[in-house]
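Got your viewer open? Keep the selection box handy, and let's take a walk through this one stop by stop.

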Amino acid sequence: QVQLVESGGGVVQAGGSLRISCTASGSAKIFSINNMGWYRQAPGKQRDMVATITRDGSPNYGDSVKGRFTISRDNAKNTVYLQMNALKPDDTAVYYCHAERVGYIDYVTPQTGYLDELWGQGTLVTVSS
């Protein structure tokens, strides 16, 4: 019904930049999303927070990406972005988009509903040395 779709992953050389995006969409009109964010999981490791952003645009970053990554969002487009600069091989991971408290109106019913949280399917970012 409502899903998060990521895009923009790929292969980049160390020191390079990449921007990934995530849009909430589906068979419903989305009228509100609280916090949005990015998490990443490298092979054999746990999923870690990369960056989150509140509805009014206040960001929070994991220590390993501070000063290199920038998170932003466009509420009108239900989209969150992650600009990644000065990439390192250690940044190689599957990056997952996350959204909290998604409010929507179903196009068919049309009933109002809320989803406590959503995860995207993940997009792979590979940084070569």
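## Stop 1: Rings and the strand that holds them

Select Trp 119 to begin: with a relative accessibility of 34%, this residue counts as partly exposed. Keep in mind as you go that you're looking at a predicted model.

Now add Tyr 39 to the selection. Tyr 39 and Trp 119 make an aromatic pair of the edge-to-face kind, with 5.1 Å from centre to centre and 65° between the planes. Why edge-to-face? Planes over 60 degrees apart get that label. Tyr 39 belongs to strand 5 (residues 36-41) and Trp 119 to strand 11, so this pair ties together parts that are 80 residues apart in sequence. What about Tyr 39, buried or exposed? Tyr 39 is buried, at 18% relative accessible area, and the cut-off for that word is under 20%.

How many aromatic pairs does the count give here? The answer is 2. For the other pair, select Phe 31 and Tyr 114: their ring centres are 5.8 Å apart and their planes stand at 85°, so these rings are edge-to-face too. Phe 31 sits in strand 4 (residues 28-33), while Tyr 114 sits in strand 11 (residues 112-119), so parts that are 83 residues apart in sequence get tied together. Phe 31 is partly exposed, with a relative accessible area of 34%. Tyr 114 is also partly exposed, at 41%.

## Stop 2: Charges over rings

Stay on Tyr 114 and add Arg 101. The charged end of Arg 101 sits over the ring of Tyr 114, 4.1 Å from the ring's centre.

Next, pick Arg 47 and Tyr 96. Here the charged end of Arg 47 sits over the Tyr 96 ring, with 3.7 Å to its centre.

## Stop 3: The largest pocket

Time for some empty space. Rolling a probe the size of a water molecule over the atoms shows where such space is left. In this model, the largest pocket holds about 240 Å³.

Which residues should you select to find its middle? Try Arg 40, Ala 42, Lys 45, Asp 48 and Asp 90: of the 16 residues in the lining, these are the closest to the pocket's centre. Colour the lining by type and you get 5 nonpolar, 4 polar and 7 charged residues.

Now show the strands. Strand 5 and strand 6 (48-53) each supply at least two residues of this lining. Which strand gives the most? That's strand 6, with 3 residues.

Keep Arg 40 selected and add Asp 91. Their side chains are joined by a polar contact of 2.9 Å. Asp 91 is in the loop between strand 9 and strand 10, and at 2% relative accessibility this residue counts as buried.

## Stop 4: Backbone oddities

Let's switch to the backbone. Most residues other than glycine have a negative phi, and most peptide bonds are trans. Here are some spots that go another way.

- Select Ala 86: this residue has a positive phi of about 50° although it isn't a glycine. Ala 86 is in the loop between strand 9 and strand 10, and counts as partly exposed at 37% relative accessibility.
- Select Asn 78: phi is near 50° here, a positive value in a residue other than glycine. You'll find Asn 78 in the loop between strand 8 (69-74) and strand 9 (79-84). With a relative accessible area of 16%, Asn 78 is buried.
- Select Thr 109 and Pro 110: the peptide bond from Thr 109 to Pro 110 is cis, with omega near -25°. Pro 110 lies in the loop between strand 10 (93-106) and strand 11.

## Stop 5: Thr 79 and a faraway glycine

From Asn 78, go on to Thr 79, which lies in strand 9. Is Thr 79 buried or exposed? At 4% relative accessibility, Thr 79 counts as buried. Add Lys 77 as well: its backbone oxygen lies 2.8 Å from a polar atom of the Thr 79 side chain.

Last pick: Gly 16, in the loop between strand 2 (10-13) and strand 3 (18-26). Gly 16 counts as buried, at 18% relative accessibility. Draw a distance line from the C-alpha of Gly 16 to the C-alpha of Ser 58: these atoms are separated by 26 Å, and their residues are 42 apart along the chain.

Notes. Residues are numbered from 1 along each chain as its sequence is written. This is a predicted model: local features need pLDDT of at least 70, side-chain atom pairs count only at pLDDT 80 or more; totals for chains, interfaces and linings use all residues. Side-chain values use heavy atoms; hydrogens and water are left out. Rings of Phe, Tyr and Trp (its six-membered ring) pair if their centres lie within 6.5 Å; planes under 30 degrees apart count as stacked, over 60 as edge-to-face and the rest as tilted. Helices (H or I, at least four residues) and strands (E, at least two) are DSSP runs, numbered from the N terminus. Buried means under 20% relative accessible area, exposed over 50%, partly exposed in between (1.4 Å probe, protein chains only). A charge sits over a ring if NZ of Lys or CZ of Arg is within 6 Å of the ring centre and within 35 degrees of the ring normal. On a 1 Å grid over the protein atoms alone, a cavity is a set of points where a 1.4 Å probe fits but cannot get out, and a pocket is an open set with protein on both sides within 12 Å along at least five of seven lines; lining residues have an atom within 4 Å of a point. Grid points are joined across faces, edges and corners, and a volume is the space filled by probe spheres set on the points. Ala, Val, Leu, Ile, Met, Phe, Trp, Tyr, Cys and Pro count as nonpolar, Asp, Glu, Lys and Arg as charged, and the others, Gly among them, as polar. A polar contact is a pair of N or O atoms within 3.5 Å; within protein, one must be able to donate a hydrogen and the other to accept it, and residues adjacent in sequence count only if both atoms are side-chain atoms.
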